[in-house]
Amino acid sequence: VLRLQSFQVFLLKLLIEQNRFLLKELSNKDAGLLIPLNYGTIGISISQFGYEHYNENLFGLGISRNFGTKLSIGMKLYYLCIRFSNDYPSLTAPTFDLGMQYHVNESLCIGAYIFNPINIKTESLNKDKIPIIMRLGFSYHLVDDVMICGEIEENFDDDFSFRFGIEYEIYKNIYARSGFQLSPEIFTFGIGYNYKWFMSKCIII
């Protein structure tokens, strides 16, 4: 959920490519655009996982809106396309997600999210399921320059997962971030720079 109505510029997420374990078969590409408008924020995203013989493509169009100073609600429509080598037909399906966040006070923010809530299946003979994913999370500022955050995730087709992270503002607009995830176990560390509408991040997994 995005609280970006006050921004008067376009926000562009450039194409980011990640190859886990240096394998092209596990490559992940993402790109997105946020457009703030008077009634809310429009978001457009494209992501791809895989390589030429198998890839999952997700196209998204969403909108988020603030309701007062504390509550934000967002919704995003998706079109999923799974492509195989030339011998097999592609699988396609539309779906959507819903999310909200609420600022309890100046320090604490909570959020909730659900993907594919009505259990839509792909257009194939086997009617392959798209997983239902639910998340509940929080962020809390211990002091002005230190924030902790946590999230629990329930994937109805996979194991329960938990994530926790911490962010520290080393210097003005420069942040150090670290976190871990259970199931599967992943540890991350990164450096970020935020200045008004410009954001840059470097993450090590």
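Q: How many residues lie between E6 and E7 in their hairpin?
A: Welcome to a predicted model, in which strand E7 covers residues 108-115. The labels count DSSP runs from the N terminus (at least four residues for a helix, H or I, and at least two for a strand, E). E6 and E7 run antiparallel and are joined by seven bridges, and two strands pair if DSSP finds at least two bridges between them. The hairpin that E6 and E7 form leaves a gap of four residues.

Q: Which residue in E7 stands opposite Leu 98?
A: Residues are numbered from 1 along each chain as its sequence is written, and side-chain values use heavy atoms, with hydrogens and water left out. As this is a predicted model, local features need pLDDT of at least 70 and side-chain atom pairs count only at pLDDT 80 or more, while totals for chains, interfaces and linings use all residues. Opposite Leu 98, in E7, stands Ile 114.

Q: What does the protein average in pLDDT?
A: The predictor's confidence in each residue is its pLDDT, from 0 to 100. Residues 1-10 stay under 50, whereas 79% of the residues score at least 70. For the protein, the average is 82.

Q: How many strands does the protein have?
A: Reading from the N terminus, every element in the run is a β. With zero helices, the protein has strands numbering 13.

Q: How many bridges join E4 to E5?
A: E4 and E5 form a hairpin with three residues between them, and Gly 68 in the turn has a positive phi of about 80°. Across the two strands, Asn 57 has Cys 81 in E5 as its bridge partner. E4 and E5 run antiparallel, and the bridges that join them number 14.

Q: Over how many bridges do E5 and E6 pair?
A: A hairpin of six residues joins E5 to E6. Two places to look are Tyr 78, whose bridge partner in E6 is Thr 95, and Ile 82, which stands opposite Leu 91 in E6. The pairing is antiparallel, and its bridges number 12.

Q: Which element gives the most to the largest nonpolar core?
A: A nonpolar core is a set of buried Ala, Val, Leu, Ile, Met, Phe, Trp, Tyr and Cys residues joined through side-chain atoms within 4.5 Å, where buried means under 20% relative accessible area, exposed over 50% and partly exposed in between (1.4 Å probe, protein chains only). The largest one here has nine residues, including Tyr 78, Leu 80, Ile 82, Leu 91 and Phe 115. Strands E5 (71-84) and E6 (91-103) are the elements that give two or more residues to this core. With three residues, the element that gives the most is E5.

Q: What share of the residues of the protein counts as buried?
A: The accessible surface of the protein, from the Shrake-Rupley method with a 1.4 Å probe and only the protein chains shown as cover for residues, comes to about 13700 Å². Carbon and sulfur atoms hold 63% of that surface. Of the 205 residues, the buried share is 31%.

Q: How many residues apart are Tyr 54 and Phe 84?
A: Rings of Phe, Tyr and Trp (its six-membered ring) pair if their centres lie within 6.5 Å; planes under 30 degrees apart count as stacked, over 60 as edge-to-face and the rest as tilted. The whole structure holds five aromatic pairs. Tyr 54 and Phe 84 form a tilted one, 5.5 Å centre to centre with 55° between the planes. This pair links distant parts of the chain, from strand E4 (residues 54-67) to strand E5, and the distance along the chain in residues is 30.

Q: Why does Phe 84 count as partly exposed?
A: Tyr 54 counts as partly exposed at 27% relative accessibility. Phe 84 is also partly exposed, because its relative accessibility is 29%.

Q: Why is the pair of Phe 180 and Phe 187 tilted?
A: The ring centres of Phe 180 and Phe 187 lie 6.1 Å apart. The pair is tilted because the planes stand at 35°.

Q: Is Phe 187 buried or exposed?
A: Phe 180 is partly exposed at 29%. Phe 162, Phe 164, Phe 180 and Phe 187 form one aromatic cluster. With 60% relative accessibility, Phe 187 counts as exposed.

Note on methods:
Contact = heavy atoms within 4.5 Å.
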